[in-house]
Amino acid sequence: MTHTKEFEGKVAIVTGAGQGMGRAVAERLAAAGALVSVNDIDADSAEHTVSVLQKGGAEAVAAPGSVTSTQQVSDMLDLTLSRFGKVHILVNNAGVLRPTKVIDIEEDEWDFVVDVNLKGTYLCSRAVLPTMRENGWGRIVNFSSTAGKNVSTVGGAHYTAAKAGILGFTRHLAKEEAAHGVTVNSVCPGLIDTEMVRKTIDGARTKMYADSFPIQRLGQPSEVAELVAFLASDRAAYITGASLDINGGDLMI
Ligand SMILES: NC(=O)c1ccc[n+]([C@@H]2O[C@H](COP(=O)([O-])OP(=O)(O)OC[C@H]3O[C@@H](n4cnc5c(N)ncnc54)[C@H](O)[C@@H]3O)[C@@H](O)[C@H]2O)c1
């Protein structure tokens, strides 16, 4: 698919972009002209996404590191600024899911799931705010989930709690930054066909869920990327503090 170059000259950081929805978002933004900084905790997968983007004629750089580390987030930002000079768009996509029931969740696992999803969103957002304020323009798109509004289909309570926390963080930050030209929104995907789902549930259970949705299939990463691209664009200038559902009709509120 060809896209208009609506992100020409815009610099985007996409976290967790080594695979899944993060990679799809990186590809979508790059196809519309964005310069993309590809973060992932897995350096090889970040490099792979960069090579995919470059093959498509885009400019991209790998900025590996964990979103849970203040130092690594700072390094990711420095690398992006030294390569591209600014940051206009941050997509807080990095996330992890565990299916454990509360009665069995060890404290370490609780911290891990909440830290990657929620603390990572805070650390990366905090890091980019000064450069976005300098631009007088910024877009932060956070990855919550249907889990954030209801209960996770395949994840545990730590995942549900972290994704609900992201919705609160989104609303609060949106209010703080609106006067600086920075909008902050969340997307709430339902069940999307990625590795996260594939490694958590088997094909039979996946089909059972898919059949239960009004649109009887899983979502595709590219479909979520399309929504993220909209929120990251000027077309969404009057949307902030919002959470947009994309779940095939699984949750309607
Ligand atoms: N797949 C779904 O059904 C679904 C539904 C709703 C929301 N989500 C959310 O969407 C986002 C993307 O999910 P996905 O399905 O593409 O997952 P995925 O597991 O396919 O990809 C996640 C990526 O994040 C990276 N990552 C993990 N921890 C990291 C860290 N500390 N720092 C940097 N990168 C890290 C992983 O290496 C991986 O490349 C996540 O936030 C997830 O919680 C997924």
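1. Start with helix α3: the face turned away from its buried side carries the exposed residues Gln71, Asp78 and Ser82. Keep in mind as you look around that this is a predicted model.

2. Now flip to the other side of α3. Val73, Met76, Leu77, Thr80 and Phe84 are buried there. They cover an arc of only 95° around the axis, so they sit on the same side of the helix. The cover over these buried residues includes the strands β1 (11-14), β2 (35-38) and β3 (60-62), along with helix α4.

3. A quick check on the length of α3, which runs over residues 70-84: its 15 residues, at 1.5 Å each, should span 21 Å, and the end C-alpha atoms are indeed 21 Å apart, so the two agree. Just after the helix, have a look at Gly85, which takes a positive phi of about 90°.

4. Next, the ligand. There are 31 residues around it, and Gly16, Gly20, Gly95, Ser145 and Thr194 come nearest. The elements giving two or more residues to this shell are α1 (20-31), α4 (107-135) and α7 (195-198). Sorted by class, the shell has 13 nonpolar, 15 polar and three charged residues.

5. Last, Ala225. Is this residue buried or exposed? It has 24 C-beta neighbours inside 10 Å, and 20 or more make a residue buried, so Ala225 counts as buried. Ala225 belongs to helix α9 (residues 221-231). Leaving out residues up to four places away in sequence, Ala225 touches Met21, Ala24, Val25 and Arg28. Take Met21: it is 204 residues from Ala225 along the chain, yet their C-alpha atoms are separated by 6.8 Å.

Definitions and conventions: Residues numbered from 1 in each chain as written. Predicted model: local features only at pLDDT ≥ 70, side-chain atom pairs only at ≥ 80, totals over all residues. Near = placed C-beta within 6 Å. Helix = DSSP H or I, 4+ residues; strand = E, 2+ residues; numbered from the N terminus. Nonpolar A, V, L, I, M, F, W, Y, C, P; charged D, E, K, R; others polar. Expected span 1.5 Å × (residues − 1). Buried ≥ 20, exposed ≤ 12 C-beta atoms within 10 Å, placed from the backbone. Arc of directions from axis to C-beta. Contact = placed C-beta atoms within 7 Å.
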